[in-house]
Amino acid sequence: MQLVVARIGRAHGIKGEVTVEVRTDEPELRLGPGAVLTTDPASVGPLTIETGRVHSGRLLLRFEGVRDRNAAEALRNTLLIADVDPDERPEDEDEYYDHQLIDLDVVTVEGTAVGRISEISHLPSQDLFVVERPDGTEVYVPFVEEIVTEIDLEEQRAVIDPPPGLIDDRAEIASTRAAGEEEA
C-alpha cells in the first residue's frame, strides 16, 4: 500500500536542499536518510533521501543526484509516497492510517446509523471524516476525541457523539429573547 508522506516545497539554499510539508506522524521512520520514495508525478522519481535536517522548524531534505538550486526547485510540489505494509499500524494506539478509516460505518453513541466514511480531509487545524449518508449526501465530522468517541477496526465502525446540528438540521439555538420580541 502506498501513503503520501510529504510534499516538496521550495528550494532552500544553493546546494539542492528542499523544504517539505510533512504529511506523516512518523517522519523519522518514513523520511530518514536512505529512504527510497516514489513520487507523484511518477516521472520525477523514485527519489532517495541523502540527508535531512530541521531548520527554523521546517524539515529540509536533500536527495541523491540533486546538487543545485535549479534541480531542487524542479521538484517543487512533488508528492513523496512511501510503500507501507497494509497490516502495519502506527506506533500510537490512538492513531490510524487513512486506509484503515475509509469505509468504516459511522454510528452515533445511541446506535443510529449515520453513513460510511468515504474520505479523510486533512485540514491545517484538524482532520475531517467525509461521511456519505445512505441518501448520497455528505456530512463532515471533525476527527476529534470529543466527537469521535471510538474507532473499532474489528467491527469496522466509528462511534460518534455529535453536537446538535452536526449531522442534522435540528440545531438547538439558545436565545435570550423570545421569538418576535424586539430590542428596546
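## Structural report on a predicted two-sheet model

Proline 41 is placed in the loop between strand E3 (36–40) and E4. This model is predicted, and the peptide bond that leads from aspartate 40 into proline 41 is cis, with omega near 10 degrees. Proline 46 is also found in the loop between E3 and E4. A cis peptide bond joins glycine 45 to proline 46, with omega at about 5 degrees.

**Overall composition and confidence**

The protein contains 3 helices and 12 strands. Of its 184 residues, 35% are buried. The exposed surface amounts to about 11,500 Å², of which carbon and sulfur atoms supply 46%. Among contacts in the protein with a separation of 6 or more, 46% are between residues 24 or more positions apart.

The average pLDDT of the protein is 83, and 87% of the residues score at least 70. Confidence is lowest in helix H1 (residues 27–30), with a mean of 78, and highest in E12, at 94. Over residues 171–179 the pLDDT stays under 50, and for this stretch the model has 4 contacts beyond four places in sequence. Where pLDDT is low, the predicted coordinates should not be read in detail.

**The barrel and its core**

A barrel is closed by 6 strands in the order E1-E2-E5-E4-E3-E6, with antiparallel pairing. On average, neighbouring strands of this sheet are turned by 50 degrees against each other, direction ignored. Within the barrel, strand E2 (residues 17–22) pairs with strand E5 (residues 58–63) in the antiparallel sense over 3 bridges. Valine 18 stands opposite leucine 61 in E5.

The largest nonpolar core has 22 residues, and those with the most contacts inside it are Ile8, Val20, Leu31, Leu61, Phe63 and Leu80. Two or more residues are given to this core by each of strand E1 (2–12), E2, strand E4 (47–55), E5 and strand E6 (79–83). The largest share, 5 residues, comes from E1. Leaving aside neighbours within four places in sequence, isoleucine 8 is in contact with Val18, Thr19, Val20, Leu47, Phe63, Leu75, Arg76, Asn77, Thr78 and Leu80. A second, separate core has 17 residues, including Val114, Ile117, Val141 and Ile147.

**The open sheet**

An open sheet of 6 strands follows the order E10-E9-E8-E7-E12-E11, and its pairing is mixed. Strand E10 (138–142) and strand E11 (148–152) stand at the edges with a single partner strand each, so one side of each is left without a neighbour in the sheet. Neighbouring strands here are turned by 35 degrees against each other on average, direction ignored.

Three strand pairs of the open sheet are set out below.

| Strand pair | Sense | Bridges | Opposed residues |
|---|---|---|---|
| E9 and E10 | antiparallel | 5 bridges | leucine 128 and proline 142 |
| E7 and E12 | parallel | 4 bridges | aspartate 105 and arginine 157 |
| E11 and E12 | antiparallel | 4 bridges | valine 148 and isoleucine 160 |

In residue terms, strand E9 covers residues 127–132, strand E7 covers residues 105–108 and strand E12 covers residues 157–160. E11 and E12 form a hairpin with 4 residues between them.

**Loop residues and backbone angles**

Glutamine 156, in the loop between E11 and E12, has a positive phi of about 55 degrees although it is not a glycine. With a relative accessibility of 36%, glutamine 156 counts as partly exposed, because the partly exposed class lies between 20% and 50%.

Serine 56 lies in the loop between E4 and E5. Its phi is near 50 degrees, a positive value in a residue other than glycine. The relative accessibility of serine 56 is 68%, so it counts as exposed, the cut-off being over 50%.

Arginine 23 lies in the loop between E2 and H1 and, at 40% relative accessibility, counts as partly exposed. Apart from neighbours within four places in sequence, arginine 23 is in contact with Val4, Val5, Ala6, Arg7 and Leu79. Arginine 23 and histidine 122 are 99 residues apart in sequence, while their C-alpha atoms are 9.1 Å apart in space.

Technical notes: Residues are numbered from 1 along each chain as its sequence is written. This is a predicted model: local features need pLDDT of at least 70, side-chain atom pairs count only at pLDDT 80 or more; totals for chains, interfaces and linings use all residues. Side-chain values use heavy atoms; hydrogens and water are left out. Two strands pair if DSSP finds at least two bridges between them. Axes are lines fitted to C-alpha atoms, for helices over the stretch in contact, and angles run from 0 to 180 degrees between N-to-C directions. pLDDT is the predictor's confidence in each residue, from 0 to 100. Contact means heavy atoms within 4.5 Å. A nonpolar core is a set of buried Ala, Val, Leu, Ile, Met, Phe, Trp, Tyr and Cys residues joined through side-chain atoms within 4.5 Å. Buried means under 20% relative accessible area, exposed over 50%, partly exposed in between (1.4 Å probe, protein chains only). Accessible areas come from the Shrake-Rupley method with a 1.4 Å probe; for residues, only the protein chains shown count as cover.
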